[in-house]
Amino acid sequence: MWVVDISSIDSAQQTFTAEIAVVLRWKDPRLAHSGNGVVRYPLEQIWHPRVGIVNETNSVSRKMPDSVEVDPDGSVTYRQRYVGAFTQPLRLQSFPFDRQTFRVQLVAVPYQSNEVMFVPDQVWIQDGLKGAGGISPSVTLPDWTIENWELKPLVYALAPRHQYSSYAFEFTASRNVEHYILKVILPLVLIVIMSWAVFWIDPINASSQVSIAMTSMLTLIAYRFAIDSQLPLLPYMTRLDVFILACTLLVFFSLIEVVATIILDNTQKKKRAVRIDRYCRVIFPGVFLFASIAIFMPPRG
């Protein structure tokens, strides 16, 4: 198995788009012949292990004809290139600071694991292809970094008594976070800091305080709609979701603080309002800094 290219990883759909080259070889003495070269047969005219890909989607197409080449001694070679999207469940709790393992899994469904077994082709290994497989060094994956890969035999279990021979190509990739830091996280930080400007405005200027607080809140709401398409739809919270929620709460509480200081000022308690503003100048940045560290700190182990 050779990964020719990986063009994209869609976290929202939990799929990745790739081009995979597969070469299968087996020996069938019934097909031995006395000719000097190879003999070609349509795949369906001879016995074959009926190998499929477990996690392929309907978009996967086969770029080569379904035919085999048979050597004089009965050695059969089948080659195919698969292009399309493959499903892959992702663990996105740490999104966008996550590392994921992706898999393309072959399976010979009609045959038990003791009837058909996948093994690395020693011919490829002797020719210098580690593990009889690999991945192209020049994949066009823009926002991920591939760290390592491996080929390994597996057992594909449909049920306790239906376990089939399987073989998988796995690769591990880490997400490049620069895009999310510069285009998602940094603008959120600036919106939150903008909302703190109300703490430096005298409570007597109530209209200015309310204007800044409302502008910050509306800007944050509009920004959340703008970035929604970049975030995966999940039934659980990711790190980025928690950070966005924390930013929303801080901007909202700054608006509440403005309302509270205006009420105090209107009830002839300006000194208390000014004192609250001074406390908030320290409390809000401190809470934001602590929350950011707690959210984005790498988990132990």
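The legends below describe close-up views of a predicted model.

In this predicted model, local features need pLDDT of at least 70 and side-chain atom pairs count only at pLDDT 80 or more, whereas totals for chains, interfaces and linings use all residues. Residues are numbered from 1 along each chain as its sequence is written, and side-chain values use heavy atoms, with hydrogens and water left out.

**View A. A stacked pair of phenylalanine rings joins strands S8 and S11.** Rings of Phe, Tyr and Trp (its six-membered ring) are paired if their centres lie within 6.5 Å, and planes under 30 degrees apart count as stacked, over 60 as edge-to-face and the rest as tilted; the count by this rule is 16 aromatic pairs. Phe 102 and Phe 171 have ring centres 5.1 Å apart and planes at 20°, so this pair is stacked. The pair links distant parts of the chain, 69 residues apart, with Phe 102 in strand S8 (residues 99–112) and Phe 171 in strand S11 (residues 162–175); helices (H or I, at least four residues) and strands (E, at least two) are DSSP runs numbered from the N terminus. Phe 102 is buried at a relative accessible area of 1%, and Phe 171 is buried at 2%, where buried means under 20% relative accessible area, exposed over 50% and partly exposed in between (1.4 Å probe, protein chains only). Both rings belong to a cluster in which ring pairs link Phe 16, Phe 86, Phe 102, Trp 144 and Phe 171.

**View B. A tilted pair of phenylalanine rings joins helices H4 and H5.** The ring centres of Phe 243 and Phe 296 are 5.1 Å apart and their planes stand at 50°, so the pair is tilted. Phe 243 lies in helix H4 (residues 239–266) and Phe 296 in helix H5, 53 residues apart, and the pair thereby links distant parts of the chain. Phe 243 counts as buried at 2% relative accessibility, and Phe 296 is also buried, with a relative accessible area of 19%.

**View C. A salt bridge between Arg 81 and Glu 19 joins strands S7 and S2.** A salt bridge is a side-chain nitrogen of Lys or Arg within 4 Å of a carboxyl oxygen of Asp or Glu, and by this rule there are 14 salt bridges. The side chains of Arg 81 and Glu 19 meet at 2.2 Å, N to O, linking distant parts of the chain, with Arg 81 in strand S7 (residues 75–87) and Glu 19 in strand S2 (residues 15–27), 62 residues apart. Arg 81 is partly exposed, with a relative accessible area of 30%.

**View D. Further salt bridges include Arg 30 with Asp 28 and Arg 50 with Glu 44.** The closest N and O atoms of Arg 30 and Asp 28 are 2.9 Å apart; Arg 30 is exposed at 65% relative accessible area, whereas Asp 28 is buried at 5%. Between Arg 50 and Glu 44 the closest N and O atoms are 3.7 Å apart, with Arg 50 partly exposed at 45% and Glu 44 exposed at 57%. Salt bridges also link Arg 103, Glu 150, Lys 152 and Glu 170 in a network.

**View E. Lys 269, Lys 271, Arg 272, Arg 275 and Arg 278 form a positive surface patch.** Patches are made of residues with over 30% relative accessible area and no salt bridge, like charges being joined within 9 Å and nonpolar side chains (Val, Leu, Ile, Met, Phe, Trp, Tyr) within 5 Å. Lys 271 lies in helix H5 (residues 270–296) and is exposed at 70% relative accessibility.

Notes: Areas by Shrake-Rupley, 256 points an atom, 1.4 Å probe, with all protein chains shown as cover. Lys, Arg positive; Asp, Glu negative; His and termini not counted. Charge placed at Lys NZ, Arg CZ, Asp CG, Glu CD.
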